[in-house]
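Here are my notes on this one, in the order I'd go through them with the model open. I start from a single residue and work outwards.

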Amino acid sequence: MSGKVSACVTRSLGDWDASRAVIPEPDCHAWPVPRGEPFYERVVLASDGLWDLVDFAGTEAVCRKVPDPQLCAERLLRIAKTESSRRGYRGLKDDTTILVVDLNPGGLQALRGAGFLLGGRRANT
């Protein structure tokens with residue numbers, strides 16, 4: 001695609017008139033949810049304002065260390081701001097949205113009670 005395009009990604013979802021500049025179909029992923037056992041997942045939904053500055057491994061490390069999803073999002077934002085400044089930008093390089101969602105947070109307590117840490121590892125390994 002030639003030329004510069006600026007679009008608010010959330011507004012582009014389903015906007016078929018803007019489809020020459022953006023893809024209006026969301027990228028969706030599905031994964032199986034275990035049945036009959038304690039289950040816990042943390043999902044990070046974020047814009048390129050985060051992903052251009054923080055890689056998946058760095059994001060995963062923060063998610064494993066910070067137990068609260070709000071605090072996790074705030075920590076990821078601070079890391080993105082720091083990295084943006086390190087690269088010579090004043091403030092953030094791009095608009096940044098970070099949403100951290102805990103799926104079945106009650107399962108986290110069950111896993112911790114069974115000796116598992118946030119990342120799914122046994123506490124004694």
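1. Let's begin with Asp 102. This is a predicted model, and in it Asp 102 is buried, with a relative accessible area of 16%. The cut-off for buried is under 20%, so Asp 102 qualifies with its 16%. As for where it sits, Asp 102 belongs to strand E2.

2. What does Asp 102 form a salt bridge with? The partner is Arg 42, and the closest N and O atoms are 2.6 Å apart. In sequence the two are 60 residues apart, with Asp 102 in strand E2 and Arg 42 in strand E1 (residues 41-46), and the pair links distant parts of the chain. Arg 42 is buried as well, just like Asp 102. The side chains of Asp 102 and Arg 42 are also joined by a polar contact of 2.6 Å. As general background, side chains of opposite charge can pair when their charged atoms come close.

3. Now the surroundings of Asp 102. Leaving out residues up to four places away in sequence, Asp 102 touches Tyr 40, Glu 41, Arg 42, Pro 67 and Pro 69. Have a look at Val 43 too: Asp 102 and Val 43 are 59 residues apart in sequence, yet their C-alpha atoms are 6.4 Å apart in space.

4. On to the other charged pairs. The structure holds 4 salt bridges. One of them joins Arg 86 to Glu 83, with 2.6 Å between the closest N and O atoms. Both residues lie in helix H4, and their spacing of 3 residues is about one turn of the helix. Another salt bridge brings the side chains of Arg 87 and Glu 83 together at 2.8 Å, N to O. Through shared partners, salt bridges join Glu 83, Arg 86 and Arg 87 into one network.

5. Are the members of that network buried or exposed? Glu 83 is buried, since its relative accessible area is 16%. Arg 86 counts as exposed because its relative accessibility is 61%. Arg 87, at 41% relative accessibility, counts as partly exposed.

6. Next, the nonpolar side of things. The largest nonpolar core has 13 residues, and those with the most contacts inside it are Val 44, Leu 50, Cys 72, Leu 76, Ile 98 and Val 100. Helix H3 (56-65), helix H4 (69-86) and strand E2 (98-103) are the elements that give two or more residues to this core. Which element gives the most? That would be H4, with 4 residues. So H4, home to Arg 86 and Glu 83, is a contributor to this core too.

7. Leu 50 is worth a click. Not counting residues up to four places away in sequence, Leu 50 touches Val 44, Thr 59, Leu 76, Ala 80, Thr 96 and Ile 98. Val 44, Leu 76 and Ile 98 also appear among the core residues with the most contacts.

8. Finally, the whole protein. There are 5 helices and 2 strands, running α-β-α-α-α-β-α from the N terminus on. Of the contacts with a separation of 6 or more, 62% are between residues 24 or more positions apart. Buried residues make up 24% of the 125 residues. The protein exposes about 9100 Å², and carbon and sulfur atoms supply 53% of that area.

Definitions and conventions. Residues numbered from 1 in each chain as written. Predicted model: local features only at pLDDT ≥ 70, side-chain atom pairs only at ≥ 80, totals over all residues. Heavy atoms only, no water. Buried < 20%, exposed > 50% of the residue type's maximum accessible area, 1.4 Å probe, protein only. Contact = heavy atoms within 4.5 Å. Areas by Shrake-Rupley, 256 points an atom, 1.4 Å probe, with all protein chains shown as cover. Core = buried A, V, L, I, M, F, W, Y, C linked by side-chain atoms within 4.5 Å. Polar contact = N/O pair within 3.5 Å; in protein donor to acceptor, adjacent residues only side chain to side chain.
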